[in-house]
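Reader: I've got the coordinates loaded and I'd like to talk through the strands and the chain contact. Can you take me around?

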Amino acid sequence: MSMRTLPLLFLNLGGEMLYILDQRLRAQSIPGEKARKDEWTDVDRKRVMNDIISTMFNQKFLEELFKPQELYSKKALRTVYDRLAHASIMRLNQASMDKLYDLMTMAFKYQVLLCPRPRDILLVTFNHLDAIKDFIYESPGILNQVDETFRRLMETYNCLSDGEFQLIRQTLLIFFQDMHIRVSIFLKDKVQNSNGRFVLPISGPVPWGTEVPGLIRMFNHKGVEVKRTEFTTAGNYVTPQREGSFELYGDRVLKLGTNMYSVSRPVETHMAGSSKNLASHAKENIIPNPLAKEELNFLARLLGGLDTHRPSGETGFRLNLFTTDEEEEHAAQTRPEELSYKVINIEATQ
Amino acid sequence: SQAAWCELPARVLLVLTSQRGVQMYEADGSTLVFWHALDVPEHVGAYCMFARGIAAAGGRFICVGTSSGAVLVFDVPPKGTNVILSEVLEQHRDPITDIAAEQGQAPDGAGDLVTADDFGTLCLWKTGEEFTLLEKIPGSGYTCSSVTLWNGIVAAGYGNGQIQLWEAGTGQLCAQVSAHARWIYALDLAPLTGKLLSGAEDSFVHVWKLSRNPDTDDVEIQHCHAECVTDTQVCGARFCDPAGDTFAVTGYDLSEILCYGPA
């Protein structure tokens, strides 16, 4: 498996997390003058986004991340995002954090699956980073951190071959295998089926570098084309117009990885019936993980680099990923056992 | 990781490849016959070392590809565990993706083994005590993910959805097919009829027919059949019989093996 997968996994999941948090914060925010002491304002929202983004792009943290290494378990990764989401005055209950993580992972799974070329995963990552830069364009310090990460990504990945990218993609797909949580925004857009599987279109532009299927050309011993035939299928493909840009700035062309949430579209996930293979999920929790010690070491190193600003004396503001507190409470109680993330608590102070 | 049955005249071995190396088992999986660990180079690159691409060749060899581009040739005795690494072929500079042995009759002068890599480079070999490189077809950057060899025709599937046919004896390109809209994962050949099966991430599985024009001896390919496995990225496709009347398909996130046959 590829040892260069973790930065892409982390940055893209982080990007999705920011899209969702931004949408929820906007949906729940109150105009500044009218806000009571315990309500969100626009200023609060920007502050939360700034805090999380600057934590995410912390130099030391990213250095650890970019070291060639294997992907660790979902549990280990989830712990990192728990810490990240709490990098500011915002607080999330377990149920909301679970839902947030479900949304993040299903969104990125979708993006990886639908990438036309393996190397387009990089364009998806750039789309996320472009949007992140939009969130913090008013803060030049953080903007610089993000640009630095952009450059590091380009340095690390632009030279990799298609085969290496396919290996990265396969590593990611194995990580996401058998996850079929239904997301309402995907179901409404007909991007996901009611059984949790994503819709794979057989029409549209072919990837850059691929020909529209249909043509057979045959050559003789001298290399001269002597015969040409065509075949047809149910697919309805067209030639792509242009290639996305892999530069610091540019039109990425690909829409995967851009923000699909807007304030008016609440996003729900459906737990019931989403995991058909109860047996296999239950197994995951019972069999002791031989990598457990390594994972904890990895987390300690990674989180040690996360410099979380927790202003003392200030009480946190709670963000709810559900529409009401009752809904959140209900979700916490009814979450299927096999889908619980069993968060690891780590004290990684220096 | 990969697994393949390697049929040699005297025995059948189950060969498994992984990051750790190569393992060979008796056909029923009961006994580990042989194990070869991969040498890990000092500097670790973008991936850990792995083995990929397995084929039985020349009646007594099992060939396994590696991520360094080297092809390991194991000499297998008719019985027992005295498997030895007889040669390391070092013609590829990119990770090996697939290896295939001649499944029909090689014409004079044509190789009986083909090896493919991430850059799309194909090498044609004559197997024996010492393997000889007969042809090297340079790639153009598109990964050759899967390859078959039949009656001197190399069929290669690429990451950009193309299938290309090459003359094993001369290294000449005979045909180019814009076959799939996504990465081709699997190619299989039915030696009795020359049917070719291709499966790709675009959800499609195609059946083709390879043949030689009786007058000109030019290689020809025609499309026979297409199947769309709705909402599934096909990862594996194999004929279930040597004539190619039935085939099986596997896909990502699919817990079933789908079998297709004549109506």
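Reader: Let's start with the six-strand sheet: in what order do its strands come, S5(A) being at one end?

Author: Keep in mind that this is a predicted model. The sheet is open and its pairing is antiparallel. It draws on both chains, and the order reads S5(A)-S4(A)-S16(B)-S15(B)-S14(B)-S13(B).

Reader: Which strands are at the edges there, and how many degrees are neighbours turned by on average?

Author: An edge strand here is one that pairs on one side only, and that fits S5 (225-230) of chain A and S13 (144-150) of chain B. Going between neighbouring strands of this sheet, with direction ignored, the average turn is 15°.

Reader: Where do the two chains join within that sheet, and which residue of S16(B) is the bridge partner of A:Met218?

Author: Look at S4 of chain A, residues 215-219, which pairs with S16(B). The two are antiparallel and share three bridges. For A:Met218, the partner in S16(B) is B:Ala175.

Reader: And inside chain B, which residue of S15(B) is the bridge partner of B:Ala156?

Author: S14 of chain B covers residues 153-158 and S15 of chain B covers 162-167. They run antiparallel, joined by five bridges. B:Ala156 has as its partner in S15(B) residue B:Gln164.

Reader: Now the contact as a whole: how much area is buried between chain B and chain A?

Author: The contact takes 58 residues from chain A and 49 residues from chain B. Carbon and sulfur atoms give 52% of the buried area. The area itself comes to about 4,100 Å².

Reader: Which residues of chain B lose the most area to chain A?

Author: Three residues head that list, and together they make up 16% of what the chain B side buries. They are B:Asp231, B:Tyr252 and B:Asp253.

Reader: What does B:Asp253 do with its side chain, and what is the N to O distance?

Author: Across the interface of the two chains there are three salt bridges. In one of them, the side chain of B:Asp253 meets that of A:Lys109. The N to O distance is 2.7 Å.

Reader: How many residue pairs are in polar contact between the chains, and which elements of chain B give two or more residues to its side?

Author: The count of residue pairs in polar contact is 22, with both residues at pLDDT 80 or more. On the chain B side, the elements giving two or more residues are S15, S16 (173-178), S19 (204-212) and S20 (219-228).

Reader: What's the residue make-up of that side of chain B, by class?

Author: Sorting the residues of chain B that touch chain A by class gives three groups. The tally is 22 nonpolar, 16 polar and 11 charged.

Reader: Why is one side of S17 and of S20 in chain B left without a neighbour in the sheet?

Author: These strands belong to an open, antiparallel sheet of four in the order S17-S18-S19-S20. The twist in it averages 20° from one strand to the next. S17 (184-190) and S20 stand at the edges, so each has a single partner strand.

Reader: Which residue of S20(B) is the bridge partner of B:Trp208?

Author: S19(B) and S20(B) run antiparallel and nine bridges join them. Opposite B:Trp208, the partner in S20(B) is B:His223.

Reader: Over to S3(B) and S4(B): which residue in the turn has a positive phi?

Author: S3 (21-26) and S4 (32-37) of chain B pair antiparallel over five bridges. B:Gly21 stands opposite B:Ala37, and B:Val22 stands opposite B:His36. The two strands form a hairpin with five residues between them, and the turn residue with a positive phi, about 75°, is B:Gly29.

Reader: How many residues lie between S2(B) and S3(B) in their hairpin?

Author: S2 of chain B, residues 12-17, pairs with S3(B) antiparallel over five bridges. B:Leu14 has B:Tyr25 as its bridge partner in S3(B). The number of residues between the two strands is three.

Reader: Last one: which residue does A:Arg45 form a salt bridge with?

Author: Over all chains, the whole structure has 29 salt bridges. In this one the closest N and O atoms are 3.1 Å apart. Both residues lie in helix H2 (42-56) of chain A, three residues apart, about one turn of the helix. The partner of A:Arg45 is A:Asp42.

Definitions and conventions. Residues are numbered from 1 along each chain as its sequence is written. Chains are lettered from A and ligands numbered from 1 in the order in which they are written. This is a predicted model: local features need pLDDT of at least 70, side-chain atom pairs count only at pLDDT 80 or more; totals for chains, interfaces and linings use all residues. Side-chain values use heavy atoms; hydrogens and water are left out. Two strands pair if DSSP finds at least two bridges between them. Axes are lines fitted to C-alpha atoms, for helices over the stretch in contact, and angles run from 0 to 180 degrees between N-to-C directions. Contact means heavy atoms within 4.5 Å. Buried area is the accessible area (1.4 Å probe) that two parts lose on being put together, summed over both. A salt bridge is a side-chain nitrogen of Lys or Arg within 4 Å of a carboxyl oxygen of Asp or Glu. A polar contact is a pair of N or O atoms within 3.5 Å; within protein, one must be able to donate a hydrogen and the other to accept it, and residues adjacent in sequence count only if both atoms are side-chain atoms. Ala, Val, Leu, Ile, Met, Phe, Trp, Tyr, Cys and Pro count as nonpolar, Asp, Glu, Lys and Arg as charged, and the others, Gly among them, as polar.
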